[in-house]
Amino acid sequence: MNIDFDRPLLAVIALIIVPIAAFAASRMKNPFVIAIPLGAPGGVSFKASQMSGLVKLLKALEFTGILLLFFSAAGPSMKTAETVWLNRGADIIFILDTSPSMAALDMDGNNRFNAARTLLAEFAHRRPSDNIGLVAVGDEAALLIPPTADRDAFNMRLELLQIGEFGDGTALGTGLAITAYHLDKSNAKRRVAVLITDGENNAGSIHPETAASMLREIGVSLWVIGLGSAGEAPIDYIDPYTRIRRTGVFDSRFDTESLKRLSVSGGGVYIAAPTADAFAAAFSQLDDGEITVQRSRIINRRHSLALHFLIPAVGLLVSVRFIRRNLLGAII
């Protein structure tokens, strides 16, 4: 981003002539002002020291307004470089488990849910040409945001998502089925579904393996990331509905085999992520495994800044004129 002028000579004149004129005006005395002594002959002339300071301030504001007018007339503009993607990347939908077990604090002091959100946001940032969507899974499942290249919208919805927002269950089959439904309508050359969960299916009316088979039948690439491990882990989260903080020890009954069968049904890949490092490595493997060709070009755009100078210039000059004529007319 850089700023330049269509008529730079006017900007140079403004920087040289206006300060010189302001300095000269401050040194010159008004020939039409007469000092009248108000005491005995030979006394001291009346001086309104406060009014003198106000007059100087008004003059400074007036010359500032004139300077801004010159800059506006010089045609200031800002040029920005914008990246335009020439090809469509993959359509990727993440299916994120939001059940309370995702609050287990076994990701290097962080909970599973927040670790997932961080890695999701980083992945989206690395893949600007891909459209990325989000499905949340609880007792039910819902598409929170369809595949989109709008990273601000994606990150905002991801940030607002809370543990327990969709209940205490884990309807993996429903989440996968919703993903299959929306990716089936996609015309992207590469379509990907990524399931991130720490538990087994215990809600919903659709069997996960049935939904995974649907994904395979429509040609969607399936990745299953099993987060966490079996055993006890501390848990700490705030219920989004009651606003009650829930703490304790969670006995994780992580079922690796069921998630492996799920990935096999979908013709996909299963990755175990029992630690924070393994979780980050899973995303690296996903990034490498779903490479898309990214073709782009840089477009330079020009935005006029004339109004940014003109509006304050007119405001200053009008204000100074109003104060002199209506408030100080009887004095100066």
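**Helix packing and aromatic pairs**

Helix α3 (residues 112-126) packs against helix α8 (residues 276-289) at an angle of about 30°, and the two axes sit 11 Å apart. That angle makes α3 roughly parallel to α8, since anything under 35 degrees counts as such. As for handedness, α3 passes α8 in a right-handed crossing. All of this comes from a predicted model.

Looking at who touches whom, α3 brings Arg112, Ala115, Ala116, Leu119, Leu120, Phe123 and Arg126 to the contact, while α8 answers with Phe279, Ala280, Phe283, Leu286 and Asp287. Sorted by class, the contact of α3 with α8 comes out as nine nonpolar and three charged residues, with no polar ones.

Next, the aromatic rings. A pair of rings is described by how far apart the centres are and by the angle of the planes. Searching the whole structure turns up five aromatic pairs. One of them is Phe71 with Phe309: the ring centres are 5.7 Å apart and the planes are at 45°, so this pair is tilted. It links distant parts of the chain, with Phe71 in helix α2 (residues 49-73) and Phe309 in helix α9 (residues 306-327), 238 residues apart. The two partners fall into separate accessibility classes: Phe71 is buried at 13% relative accessibility, whereas Phe309 is partly exposed at 22%. The cut-off for buried is under 20%.

Phe94 and Phe283 make up another aromatic pair, this one stacked, with 6.0 Å from centre to centre and 15° between the planes. Phe94 belongs to strand β3 (residues 91-97) and Phe283 to helix α8, so the pair ties together parts of the chain that are 189 residues apart in sequence. Both rings belong to buried residues: Phe94 has a relative accessible area of 0%, and Phe283 has 1%. The story also loops back to the helix contact, as Phe94, Phe123, Phe279 and Phe283 form one aromatic cluster, and Phe123 in α3 as well as Phe279 and Phe283 in α8 are among the residues that meet where these helices touch.

Away from the helices, Thr170 is found in the loop between α4 (151-160) and α5 (172-184). Despite that loop position, Thr170 is buried, with a relative accessible area of 5%. Leaving aside residues up to four places away in sequence, Thr170 touches Asp97, Ser99, Val137, Gly138, Thr197, Glu200, Asn201, Asn202 and Ala203. Among these contacts, Asp97 falls within strand β3 (residues 91-97), the strand in which Phe94 lies.

Technical notes: Residues are numbered from 1 along each chain as its sequence is written. This is a predicted model: local features need pLDDT of at least 70, side-chain atom pairs count only at pLDDT 80 or more; totals for chains, interfaces and linings use all residues. Side-chain values use heavy atoms; hydrogens and water are left out. Axes are lines fitted to C-alpha atoms, for helices over the stretch in contact, and angles run from 0 to 180 degrees between N-to-C directions. Helices (H or I, at least four residues) and strands (E, at least two) are DSSP runs, numbered from the N terminus. Angles under 35 degrees count as roughly parallel, over 145 as roughly antiparallel, 65 to 115 as roughly perpendicular and the rest as oblique. A crossing is left-handed if the near helix is turned anticlockwise from the far one by less than a right angle, and right-handed if clockwise. Contact means heavy atoms within 4.5 Å. Ala, Val, Leu, Ile, Met, Phe, Trp, Tyr, Cys and Pro count as nonpolar, Asp, Glu, Lys and Arg as charged, and the others, Gly among them, as polar. Buried means under 20% relative accessible area, exposed over 50%, partly exposed in between (1.4 Å probe, protein chains only). Rings of Phe, Tyr and Trp (its six-membered ring) pair if their centres lie within 6.5 Å; planes under 30 degrees apart count as stacked, over 60 as edge-to-face and the rest as tilted.
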